[in-house]
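Open the model in your viewer and keep the selection tool at hand. The stops below say what to select next and what is there.

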Amino acid sequence: MGTQAQKIVKYDLEKLINELNKALADEWLATYQYWVGAKVVRGPFSSIIVKELEEHSKEEYEHAEMLTERIIQLGGTPILDPQDWYKFTTCGYIKPKNFNQIEILKDNIKGERCAIGVYNNLLEEIKGKDHTTFHILRKILKEEIEHEEDLQTILENIQIK
Ligand code: FE
Ligand code: FE
Ligand code: MG
């Protein structure tokens, strides 16, 4: 916790910490979604896809780390019970029903599109009110945009006949 760090935030602290915890729930679910997707995905391009999904899983985990550090810095407590991930999440978790490479990619693209919306909205909300959180969220948003693009590019390449 940082006293001055909290003082300079021109936004309701409790509300901000809650928003960061909601994003944290999304990041944990995204981490697992990518992680398990990499295990079960099937198809002729699965080796390329596994590599990409594993990389994204690690990056989602890093996002969870960044959010948690900021929550603690602001005097908050990160979600302590995984059961609360479902209560806090905006983007949810898409349980893989079909392990086909195309379906797995589509599930993850859906998740990324949701994440891009979440971070974009939150950035609009805190613009000019908390520079440090803004900087962290902007870095995360940039990576979510890259995630969507990476998956979409693979999907498009697979679908070229
Ligand atoms: Fe993320
Ligand atoms: Fe992502
Ligand atoms: Mg990537």
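**A guided tour, stop by stop**

Start by selecting E125, which counts as partly exposed because its relative accessibility is 34%. Here buried means under 20% relative accessible area, exposed means over 50%, and partly exposed is in between (1.4 Å probe, protein chains only).

Before going on, note that this is a predicted model, in which local features need pLDDT of at least 70 and side-chain atom pairs count only at pLDDT 80 or more, while totals for chains, interfaces and linings use all residues. Residues are numbered from 1 along each chain as its sequence is written, chains are lettered from A and ligands numbered from 1 in the order in which they are written, and side-chain values use heavy atoms, with hydrogens and water left out.

**Salt bridges**

Stay on E125 and add K15 to the selection. What joins K15 and E125? The two form a salt bridge, with their closest N and O atoms 3.5 Å apart. K15 lies in helix α2 and E125 in helix α5, so this pair ties together parts that are 110 residues apart in sequence. At 41% relative accessibility, K15 counts as partly exposed.

A salt bridge is here a side-chain nitrogen of Lys or Arg within 4 Å of a carboxyl oxygen of Asp or Glu. The structure holds 7 salt bridges. Helices are DSSP runs (H or I, at least four residues), numbered from the N terminus.

Next select K139 and E143. Their side chains meet in a salt bridge, at 3.9 Å from N to O. Both residues lie in helix α6 (residues 131-159), 4 residues apart, which is about one turn of the helix. Is E143 buried or exposed? E143 counts as buried, at 16% relative accessibility, while K139 has 43% and counts as partly exposed.

Now pick K142 and E146. This salt bridge has its closest N and O atoms 3.1 Å apart. K142 and E146 are also placed in helix α6, 4 residues apart, about one turn of the helix. K142 counts as exposed, with a relative accessibility of 53%, and E146 counts as partly exposed, with 33%.

**The two iron ions**

Select the iron ion (ligand 1) and show its contacts. Which residues coordinate the iron ion (ligand 1)? E27 (OE, listed twice), E60 (OE), H63 (ND1) and E144 (OE) do so, at 2.0 to 2.4 Å. Donors are N, O and S atoms within 2.8 Å of the metal (3.2 Å for Na, K and Ca); water is not among the atoms, so sites may look incomplete. In sequence, the donor residues of this ion are spaced E-x32-E-x2-H-x80-E. E27 in helix α2 and H63 in helix α3 are 36 residues apart, a pair that links distant parts of the chain. Both E27 and H63 are buried.

Move to the iron ion (ligand 2). Its coordinating atoms come from E60 (OE), E112 (OE, listed twice), E144 (OE) and H147 (ND1), at 2.0 to 2.4 Å. The spacing of these donor residues in sequence is E-x51-E-x31-E-x2-H. E60 lies in helix α3 and E144 in helix α6, so the pair ties together parts that are 84 residues apart in sequence. E60 and E144 are both buried.

Select both iron ions together. How far apart are the iron ion (ligand 1) and the iron ion (ligand 2)? They are 3.9 Å apart, and E60 coordinates both.

**The magnesium ion**

Select the magnesium ion (ligand 3). Its protein donors are E52 (OE), H56 (NE2) and D150 (OD), which lie 2.0 to 2.4 Å from the ion. The donor residues are spaced E-x3-H-x93-D in sequence. E52 and H56 are separated by about one helical turn, because they are 4 residues apart in helix α3 (residues 46-73). Both E52 and H56 are buried.

**Last stop**

Select A23, placed in helix α2 (residues 13-40). With a relative accessibility of 2%, A23 counts as buried. Add Q159, 136 residues away along the chain: the C-alpha atoms of A23 and Q159 are separated by 32 Å.

Terms used. Helices (H or I, at least four residues) and strands (E, at least two) are DSSP runs, numbered from the N terminus.
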